[in-house]
Amino acid sequence: MNIHEFQAKQLFRDYGIAVPAGSPATSVSEAVAVARGIDSDGWMVKAQVHAGGRGKAGGVKRAGNVEEVEQISSTLLGTHLVTHQTTTEGQPVNTLLIEATSSIEREMYFGMLVDRASKRVVMMASTEGGMDIEEVAAKTPEKILSIAVSPVAGLQGYQVRELGFGLGLTGDQIKALGTIMRALYLLYRDKDCSLVEINPLITTTDGQLMALDAKITFDDNALYRHPDITALLDASQDDEKEHHAQQFGLNYISLDGNIGCMVNGAGLAMATMDLIKLHGGSPANFLDVGGGTSAEKVAEAFKLILSDDKVKAILVNIFGGIVRCDLIAEGIIRAVKEVGISIPIIVRLEGTNVEEGRAILKQSDLSIITGDDLTDAASKAVAAVQGEAS
C-alpha cells in the first residue's frame with residue numbers, strides 16, 4: 001500500500017526526522033491559508049499523487065508569494081498528473097502539500113527495502129540525490145552504497161559511519177545521519193514497511209540534515225496489524241477495478257487485451273496469460289481468485305471482468321486442490337446464471353473430482369465450452385474471439 005508524501009512526512013515527524021514545515025490542502029483557499037501560516041520567503045506547491053516523477057511532469061512548483069500559491073494551486077487541483085510512472089490518463093490531483101522552501105547545500109539519496117537474498121533490511125545511500133535512482137544504478141552503480149542490517153544486532157555505529165563517510169559527511173552531520181537511520185529503522189520495523197525512500201535527503205546551508213521528500217510503501221499482508229496505516233489509503237489513486245477487487249479478496253490488474261482471465265493462483269494466472277499470447281490472443285486482465293475460492297467470489301470475479309467493455313470471451317482456469325472441481329463447477333454455473341453472461345466462456349478444470357466437475361458443466365443448460373487441458377482451453381478462447389471478429 002502506498003501513501004502520499006504529506007502522510008509519509010507526518011510519520012517522519014512522529015519518529016523525530018526533520019522535514020520542512022508544511023501541511024496538506026484540498027482547496028485553493030486552504031492552500032493560501034496554509035502558506036500564510038508558514039513563515040517563509042517562498043513555498044513549494046506539490047501535487048500529491050502516488051507516482052514518481054512529479055517535478056518533471058509539472059506537479060512540483062515554487063511560489064514566491066501568496067498570489068503565486070493561489071495561481072499554482074488553482075492550476076493543479078482537479079487535474080490529472082501524467083508522469084513516467086502513470087498511465088496516459090494520469091493520477092487525480094485532489095490534494096496539495098504546501099511547505100516552506102529550504103536552503104539546499106547538497107542533495108543525497110537514502111532508501112530502505114528488504115533484500116530477499118540476504119534476508120535483511122538493506123539501507124542504500126548515494127551522493128546522487130534528486131535523480132532517478134534507477135538511472136544512477138544503471139549508469140553509475142558504484143555511486144550507490146549499501147549496508148545490510150542484522151535483525152538480531154540491529155543497526156550498528158560502524159554502519160552509520162560507513163554510509164556517512166561514503167556520502168562525504170563529517171562530524172555532527174554523521175551523528176545526524178545516525179539519528180535519521182535509527183529512526184527510519186524503527187519506523188520500518190514498527191509499521192511493517194516494504195520501502196522507505198528519501199530523495200533528496202539534503203544538507204542545508206547551515207549544515208543540518210533534512211528529508212525534503214518522503215516515500216513509504218507498506219506490506220499489504222501486514223496491514224491487518226495497522227488500522228492507523230490502513231486509514232491513510234487514498235482509493236482515488238488506485239485503479240477503480242483493482243480497488244473493488246481488493247474488497248472481495250481478489251487480485252486483479254487491468255490489461256489491454258480482450259480475453260478475460262479467471263484463475264486460482266498467481267503462477268497459474270501468469271501461465272494462462274502466456275498461453276493466450278502463444279496462441280495469438282491478448283489477455284484483458286490478471287485475476288487470481290485465490291486457492292479457497294467460492295461461488296460468491298467467482299460471481300464477483302465475473303462481474304469485474306465484464307465491467308471491461310473490451311472483453312469478448314472469458315477463460316476460466318481452475319485447479320481444484322483445496323476446493324473440489326465439482327464444487328467449483330457448481331459455483332461457476334450459479335455465478336454465470338446470476339451475472340447473465342452473453343459472451344463465450346471457456347472453462348478448464350483440473351484436480352480433485354475433475355471428471356465430476358466436467359460432467360456438471362457439460363450437463364448444464366449453459367453455453368460453456370470446456371477445455372481438455374490449458375493449451376486446448378487457451379486455443380479455444382482465442383478462436384472464440386477471432387471468430388467473433390471475423
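Q: Of the 390 residues of the protein, what share counts as buried?
A: The structure is a predicted model, in which local features need pLDDT of at least 70 and side-chain atom pairs count only at pLDDT 80 or more, while totals for chains, interfaces and linings use all residues. Residues are numbered from 1 along each chain as its sequence is written, and side-chain values use heavy atoms, with hydrogens and water left out. A residue is termed buried under 20% relative accessible area, exposed over 50% and partly exposed in between, with a 1.4 Å probe and protein chains only. Of the 390 residues, the buried share is 49%.

Q: How many helices and strands make up the secondary structure of the protein?
A: Helices (H or I, at least four residues) and strands (E, at least two) are DSSP runs, numbered from the N terminus. The C-alpha atoms fill a box of roughly 80 × 50 × 40 Å along the principal axes. Within the protein, the secondary structure comes to 13 helices and 18 strands.

Q: In which order do the four strands of the open sheet stand?
A: Two strands count as paired if DSSP finds at least two bridges between them. In this sheet the pairing is antiparallel. Strand E1 (22-25) and strand E3 (60-63) each have a single partner strand, so one side of each is left without a neighbour in the sheet. The order is E1-E6-E2-E3.

Q: Which residue of E6 stands opposite Lys 46?
A: Strand E2 (residues 43-47) and strand E6 (residues 96-100) are antiparallel partners, joined by five bridges. Opposite Lys 46, the residue in E6 is Leu 97.

Q: Which strands does helix H2 touch as it packs on the sheet?
A: Axes are lines fitted to C-alpha atoms, for helices over the stretch in contact (heavy atoms within 4.5 Å), and angles run from 0 to 180 degrees between N-to-C directions. Helix H1 (residues 5-14) lies across E1, E2 and E6, at about 50° to E6. Helix H2 (residues 28-36) has a direction that makes about 170° with that of E1. The strands that H2 touches are E1, E2 and E6.

Q: In E9, which residue is the bridge partner of Ser 126?
A: Strand E8 (residues 120-126) has six of its seven residues buried. Seven bridges join E8 to strand E7 (residues 104-115) in an antiparallel arrangement, with Val 114 paired to Val 121. Six bridges also join E8 to strand E9 (residues 144-149), again antiparallel. In E9, the partner of Ser 126 is Ile 144.

Q: Which residues does a cis peptide bond join?
A: Most residues other than glycine have a negative phi, and most peptide bonds are trans. In this model, one peptide bond is cis, with omega about 15°. Pro 200 lies in strand E10 (residues 193-204). The cis bond joins Asn 199 and Pro 200.

Q: Is Asp 192 buried or exposed?
A: Asp 192 has a positive phi of about 55° although it is not a glycine. Asp 192 sits in the loop between helix H6 (172-190) and E10. With a relative accessible area of 18%, Asp 192 is buried.

Q: What relative accessibility does Asn 353 have?
A: Asn 353, a residue other than glycine, has a positive phi near 60°. Asn 353 is placed in the loop between strand E17 (345-351) and helix H12 (354-363). Asn 353 counts as partly exposed, its relative accessibility being 26%.
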